[in-house]
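Student: Got a minute to go through this one with me? I'd like to start with how the pieces are named.

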Amino acid sequence: MSRWDYVIVGAGSAGCVLADRLSADGAAEVLLIEAGTGNPETRPEVQVPILFPRLFGGDLDWNFSTTPQPGLADRSIPIPRGKAVGGSSVINAQLWTRGHRADYDGWAASGLTGWSHDDLQPYFDRAEQRISLTGLRYPLPVTPAFVNACARLGYAPAAEVQEGYALARATHRDGLRHSSADAYLGPARERPNLTVLADTLVRRVLFEGTRATGVEVEGESGVEVLRAEREVVLSAGSVGSPHLLLLSGVGPAGELSRHGVPVVRDLPSVGRDLTDHLLVPLAFEAMGFQSPGAVASPEQVSQYLRDRSGTLDSIISEALLFLRTREEIEAPDIEVVHLVVPLGEHERPAAHGLALGVILLRPRSRGTITLRSADPHDAPLIDPHYLSDEAGDDLATLVAGIRAAQRILRQPDFAQWLGKPLTDGALSEDVDDIAAYVRATGGSIHHLVSTCRMGTDEHSVVDPEFRVRGLTGLRVVDASAMPSLVRAHTHAPVTMLAERAADVLLQH
Ligand SMILES: Cc1cc2nc3c(=O)[nH]c(=O)nc-3n(C[C@H](O)[C@H](O)[C@H](O)COP(=O)(O)OP(=O)(O)OC[C@H]3O[C@@H](n4cnc5c(N)ncnc54)[C@H](O)[C@@H]3O)c2cc1C
């Protein structure tokens, strides 16, 4: 068979939701195409929570990196992306956060009717009925120090509204990682009307006039065409979806022509509006505790193998704090993640340590995804343009966030756990030194969004029903379609968005 009703490109956080929901009633023939492997769950690193950092740079990772970033001392920043059925949820850090009320009410205020915080909660609820969430089962003794220090400084314990501090929740089930493939594709894969085609690269979307009719793919049997009777849905992620649109002739006409790609639709905003969360780590040697997984003892391994308990069942980021650097703003602009490993540029995998990761929640800087060449095998150019906003607000907010994190570290609660800084300047109080520290150590926390931005304005790429403007039979449903970056780790918001998209598609 080479014709389906729906052809979904990319089996990641969004694609797995769509494949399940669109095939559930048996009425439509659904094809889910994935460039990566079909059975990542056979690898221990994919299953055992503490092992996930080992997936970075391996064959389940696209292994992208940015162009040199002038705002970050001209460094190229690694951009891992999952390449397997399950997508980035297979290699991600397992945190689950819904986002702040102001994020979604802001979307509604921009004209996206039906996208307010209250409108969207049922979709999060629906996602949480499928994805298994677990609280911390074995917090390290240093984690109460973070919580107590936050309380001592007057922050509120307020996880639900995402302002204040909270212990983390993770996408785990019974001591194992729980990806979107586990949550959504398990039972769906048995359905006769759902086909999952792994190890198959989609090279471009095909059109008749302005109607998408299918995709050209490259797999075991060479290059072939697969037809969509109703819709092609791109769920290839914030890098993959704009890349595919550009390869298919949908994007800025000038850029397409420069690479010899025939223009199907001049859509200047494809690949623009790239927004990402920048994280600056403050890393220290450990005193009096052991980082999980740094050196797993035979006892820890056998305990985990016995009943999946103990510190190998760790998500590393054990607690979060969402804070406002200025009283007058409406919602948090900084998140501080409490990590029980010495994460960052100076990460030493076998070392015991801790780090506070300071995250800029609402960056003003915007970047781009552009073609490197017209060859689908060539990764696109990824330029997040970190810290490029003219007024310098992004850097100023990060500096204020770092000062807030330093105050936490100076509380007496931390005194017994905090060893030497692993990075020169982590505790510097001088504003210029801190700014230099940001540029020298900042990196991505992998929340790229908005490269096929949804909106009601003419510069948006997709409309509120996920349709690519000016074309028929083609939608984009994934992190790239997000109207703007939310104050959250993006897995839950992307899952919510896909749940909503499934409703939209099923109503047509
Ligand atoms: C290392 C890492 C850590 C993270 N940690 C967290 C976290 O702790 N909490 C959190 O909330 N979020 C986290 N995130 C972010 C979150 O995982 C992503 O925002 C989310 O998974 C994105 O979902 P998506 O559906 O847009 O894309 P993806 O899940 O990336 O799916 C895209 C899929 O499309 C496939 N694809 C791409 N191009 C093609 C093509 N041409 N042909 C065929 N298939 C293709 C890819 O292989 C992939 O499977 C993390 C991300 C990473 C990478």
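Tutor: Sure. Helices here are DSSP runs of H or I with at least four residues, strands are E runs of at least two, and both are numbered from the N terminus. Keep in mind that this is a predicted model.

Student: Okay, so where does Ser-238 sit?

Tutor: Ser-238 belongs to helix α7.

Student: Buried or exposed?

Tutor: Ser-238 is buried, at a relative accessible area of 1%. The cut-off for buried is under 20%.

Student: What does Ser-238 touch, leaving out residues up to four places away in sequence?

Tutor: Its contacts are Ile-369, Leu-448, Val-449, Ser-450, Thr-451, Ala-479 and Ser-480. With Leu-448 there is a polar pairing too: a polar side-chain atom of Ser-238 lies 2.7 Å from the backbone oxygen of Leu-448.

Student: Let's switch to the ligand. How many residues surround it?

Tutor: The ligand is surrounded by 36 residues, and the closest are Ser-13, Glu-34, Ser-88, Thr-490 and His-491. By class, that shell has 17 polar, 15 nonpolar and 4 charged residues.

Student: Which helices and strands each supply at least two residues of the shell?

Tutor: α1 (13-23), β11 (201-208), α7 (237-247) and α12 (491-506) each do that. So α7, the helix that holds Ser-238, is also one of the elements supplying the shell.

Student: Which polar atoms lie 3.1 Å apart at Ala-35?

Tutor: One is a backbone N or O atom of Ala-35, and the other is a nitrogen atom of the ligand. Leu-95 also uses its backbone: a polar atom there is 2.9 Å from a ligand nitrogen. Trp-62 uses its side chain, where an N or O atom is 3.0 Å from a ligand oxygen. As for cover, the ligand taken alone exposes 1000 Å², and the protein buries 97% of that.

Student: Now the backbone. Which residue other than glycine has a positive phi near 50°?

Tutor: That's Asp-199. You'll find Asp-199 in the loop between β10 (194-197) and β11. With a relative accessible area of 48%, Asp-199 is partly exposed.

Student: And what is phi at Leu-387?

Tutor: Leu-387 has a positive phi of about 55°, and it is not a glycine either. Its place is the loop between β21 (381-383) and α10 (393-409). Leu-387 counts as buried, at 13% relative accessibility.

Student: Next up, Asp-413. Where is that one?

Tutor: Asp-413 is in the loop between α10 and β22 (418-421). It counts as buried because its relative accessibility is 14%, and the cut-off is under 20%.

Student: What is Asp-413 in contact with, beyond its neighbours within four places in sequence?

Tutor: Asp-413 contacts Ala-145, Asn-148, Ala-149 and Arg-152. Its side chain makes a polar contact with the Arg-152 side chain at 2.8 Å. The C-alpha atoms of Asp-413 and Asn-148 are 6.7 Å apart, though 265 residues separate them along the chain.

Student: Zooming out, how many helices and strands does the chain have?

Tutor: There are 12 helices and 24 strands in the chain. The radius of gyration is 22 Å, close to the 23 Å the globule rule gives for 508 residues, so the chain is as compact as a globular protein of that length.

Student: What share of the residues is buried?

Tutor: Buried residues make up 59% of the 508. Among contacts with a separation of 6 or more, 71% come from residues 24 or more positions apart.

How values were computed: Residues are numbered from 1 along each chain as its sequence is written. This is a predicted model: local features need pLDDT of at least 70, side-chain atom pairs count only at pLDDT 80 or more; totals for chains, interfaces and linings use all residues. Side-chain values use heavy atoms; hydrogens and water are left out. A residue is near a molecule or strand if one of its heavy atoms lies within 4 Å of it. A polar contact is a pair of N or O atoms within 3.5 Å; within protein, one must be able to donate a hydrogen and the other to accept it, and residues adjacent in sequence count only if both atoms are side-chain atoms. Accessible areas come from the Shrake-Rupley method with a 1.4 Å probe; for residues, only the protein chains shown count as cover. Ala, Val, Leu, Ile, Met, Phe, Trp, Tyr, Cys and Pro count as nonpolar, Asp, Glu, Lys and Arg as charged, and the others, Gly among them, as polar. Buried means under 20% relative accessible area, exposed over 50%, partly exposed in between (1.4 Å probe, protein chains only). Contact means heavy atoms within 4.5 Å. The radius of gyration is taken over C-alpha atoms; the globule rule is 2.2 Å times the number of residues to the power 0.38.
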